[in-house]
Amino acid sequence: MLDILIKNAAIITMDDSRPVINGGCLGILDGKIGFVCSEHDMPRGGEARRIIDARGNIVMPGLINAHAHTAMCVMRGFADDMRLDKWLFEHIFPVEARLSEQAVCAGVRLGIAEMLASGTTSFSDMYFFEPKAAQIVLETGIRANLCNGVIALDESYEFERDRAITEIKELIANWHNAGNGRIKADASIHGEYTSSPWVWRKLHALAAEHGLVTQLHLSETKKEVDECRIRRGGRTPARAFFDEGIFDTPVLAAHGVWLTDEDMDLLAEKRVSIAHCPVSNLKLASGIAKVRQLLERGVNVCLGTDGCASNNSHDLFEEVKLAALLAKGSTLDPTAVPAYQALRMATVNGARAQGRENEIGMLKSGFDADLIMLDAQKANMRPLYDPVSTAVYSARGSEVRLTMVQGRVLYENGEFTTIDIEKTLRDADELAAPIVQGK
Ligand SMILES: [Zn+2]
């Protein structure tokens, strides 16, 4: 007997052999997808412990947020409309220096609640207190790749004593593949401008030894690239990482706004993934990534929200729509990044960037049952000619009615099954907000 049978759905599978099935059904057993097919092709003996009638609704893969600093949602709306250096050095860094473990945990739980309620089922996170974040990921049932971004600015930096390294090693020892594979440890270099090649090489060795993805920030601003060229003999950040062999293990690089043509070729050659963060890049006025050119070169482009201090939302549907629109507006070509390609970025490509391309990102037999159901019976969702178009251009995160990871329902009709939302909101207000405000 199946655990769950979803019937009568408009299913977006993201499987190129059959991307959309109208009047589809989907069977779930032991956390995995048993079958996805048309109603009349449903296997015999389709009894299930629970049947979900999805009539009129869209069922699709859960979205993958490939670049987040989840706990930063406690700084949502705290410092807006400023230049990046002033924002970062005068507002964000001083708050981060004060943030307690309790405050960060409150932020992680708040951020996960927001993600689940808006259709994200997996995220890649770079922050601190990450082993504590792993515990919250385990409890809430979401999926995540976690790391602490290494920053090594001064001469006295000691690799073995660094807190970020200690946390990454703790994640590897205690959390890698925990929660039935839901949690992964990643290695991380915060960015070219915050550490040196000898530190990168040590992190690369760690990633190679344990088979980890490395998360980093890459060419987010023009200033970053200009200063790198001065520091590193005319080379760009991508060239510098490439020369040190950092791209020889899988890398998930955030932003990529100021990549040169040569950089893009290097990324394609080394199969580096770029987490495009359109809202954050616009809000901080960093620029617009050349997404169409990256995709044309075969670079794996996925989507991220970045931290909520520069977004101020974890609703990945905003990024999907904006990725499609910015590609069109910046190239003066409305055929650039069509809806299906934008949705691929938030699903299939995100899975590949996380090293999970055989687990999630598509609704396909044998894949984990990480999926969401959108309410397509609202005025803004009708008529439903093309579910992909509706999901990309009409839906918002608030259309999500149900969110499931590995076959477990985590959010349904406004209710969380693993999160005490009243306590979560209260903790953010009482444990984090006073620290953010310096009270
Ligand atoms: Zn970031």
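In strand β15, Met 373 is the bridge partner of Val 59, and this pairing is a good place to start a walk through the model. The model is a predicted one, in which local features need pLDDT of at least 70, side-chain atom pairs count only at pLDDT 80 or more, and totals for chains, interfaces and linings use all residues. Residues are numbered from 1 along each chain as its sequence is written. Helices (H or I, at least four residues) and strands (E, at least two) are DSSP runs, numbered from the N terminus.

**Around β15 and β16**

Val 59 and Met 373 belong to a pairing in which strand β5 (residues 58-61) and β15 run antiparallel, joined by four bridges. Two strands are taken to pair if DSSP finds at least two bridges between them. Strand β15 (residues 371-374) is covered on both faces, with Leu 371 and Met 373 buried on one side and Ile 372 and Leu 374 buried on the other. Here a residue is buried if 20 or more other C-beta atoms lie within 10 Å of its own, exposed if 12 or fewer, and partly exposed in between, with C-beta atoms placed from the backbone.

Strand β15 also pairs with strand β16 (residues 400-405), in the antiparallel sense and over four bridges. Within β16, Val 400 is the bridge partner of Leu 374, while Thr 403 is the bridge partner of Ile 372. Six of the six residues of β16 are buried, so this strand is largely enclosed by the rest of the structure.

From β16 we can move on to strand β17 (residues 408-412), which pairs with β16 in the antiparallel sense over four bridges. Arg 408 in β17 is the bridge partner of Val 405. The two strands β16 and β17 form a hairpin with two residues between them, and Gln 406 in the turn has a positive phi of about 50 degrees.

**Two open parallel sheets**

Strands of a sheet pair through backbone hydrogen bonds, either parallel or antiparallel. The table sets out two sheets with parallel pairing.

| Strand order | Number of strands | Edge strands | Average twist from one strand to the next |
|---|---|---|---|
| β6-β7-β8-β9 | four strands | β6 (63-68) and β9 (183-185) | 10 degrees |
| β10-β11-β12-β13-β14 | five strands | β10 (187-191) and β14 (300-303) | 25 degrees |

In the four-stranded sheet, strand β7 (residues 120-126) and strand β8 (residues 143-147) pair in the parallel sense over five bridges. One of the matched positions is Met 126, whose bridge partner in β8 is Cys 147. In the five-stranded sheet, strand β12 (residues 251-255) and strand β13 (residues 273-276) run parallel and are joined by three bridges. Leu 252 stands opposite Ser 273 in β13.

**A helix pair**

Helix α2 (residues 101-117) and helix α3 (residues 130-140) pack at an angle of about 35 degrees, and their axes are 10 Å apart. Axes are lines fitted to C-alpha atoms, for helices over the stretch in contact, and angles run from 0 to 180 degrees between N-to-C directions. The crossing of α2 past α3 is right-handed; a crossing is left-handed if the near helix is turned anticlockwise from the far one by less than a right angle, and right-handed if clockwise.

Glu 101, Val 104, Cys 105, Val 108, Arg 109 and Ile 112 of α2 make this contact with Lys 132, Ala 133, Ile 136 and Thr 140 of α3. Two residues are in contact if their C-beta atoms, placed from the backbone, lie within 7 Å. By class, the contact of α2 with α3 has six nonpolar, one polar and three charged residues. Ala, Val, Leu, Ile, Met, Phe, Trp, Tyr, Cys and Pro count as nonpolar, Asp, Glu, Lys and Arg as charged, and the others, Gly among them, as polar.

**A glycine in β2**

Gly 23 lies in strand β2 (residues 20-29). Gly 23 counts as partly exposed because it has 13 C-beta neighbours inside 10 Å. Leaving aside residues up to four places away in sequence, Gly 23 touches Asn 8, Ser 38 and Glu 39.

**The chain as a whole**

The protein chain has 15 helices and 18 strands. Buried residues make up 54% of its 439 residues.
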